[in-house]
Amino acid sequence: MARSTGAPALSADQAPGLRVPVILIDFFYTLRAAKLPVSVKEYLVLMQALKAGVVGPLSEDGYKVEDFYYLSRSALVKDEKHYDKFDRAFAAYFKGVEMV
């Protein structure tokens, strides 16, 4: 049974050529292993935001972990009760990383 997250559905034509960095697939599975209810749909919303340059090389600031943290948290975490789990999983996964 599919769960509704409130995130808009993405079709193939809305994200043409979207390439998923392998490190972020591992990050997605790290969040799921931490019992966060993240869906593929939410993950694709994050990928679409990265492709649009919300953060990363196309943004004014370049790659900053803090910017990626807030973007990924807003795209992937739909209930504030999961913020602590997300914070722990994010910190463990990106430990020692200064730029994404």
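How much area does the protein expose, and what share of it do carbon and sulfur atoms supply?

1. The protein exposes about 6500 Å², and carbon and sulfur atoms supply 56% of that area. Accessible areas here come from the Shrake-Rupley method with a 1.4 Å probe; for residues, only the protein chains shown count as cover.

2. A friendly word on the basis: this is a predicted model, in which local features need pLDDT of at least 70, side-chain atom pairs count only at pLDDT 80 or more, and totals for chains, interfaces and linings use all residues. Residues are numbered from 1 along each chain as its sequence is written, and side-chain values use heavy atoms, with hydrogens and water left out.

3. You will find four helices and zero strands, running α-α-α-α from the N terminus. Helices (H or I, at least four residues) and strands (E, at least two) are DSSP runs, numbered from the N terminus.

4. Of the 100 residues in the protein, 34% are buried. Buried means under 20% relative accessible area, exposed over 50% (1.4 Å probe, protein chains only).

5. Now to H4, where Phe86, Ala89 and Phe90 are buried. They lie on the same side of H4, because they cover an arc of only 100° around the axis; the arc is that of the directions from the helix axis to the C-beta atoms. Arg88 and Ala92, on the other side of H4, are exposed.

6. Histidine 82 sits in the loop between helix H3 (65–76) and helix H4 (83–93). Histidine 82 counts as buried because its relative accessibility is 14%. Leaving aside residues up to four places away in sequence, histidine 82 touches Leu36, Pro37 and Val77, where contact means heavy atoms within 4.5 Å.
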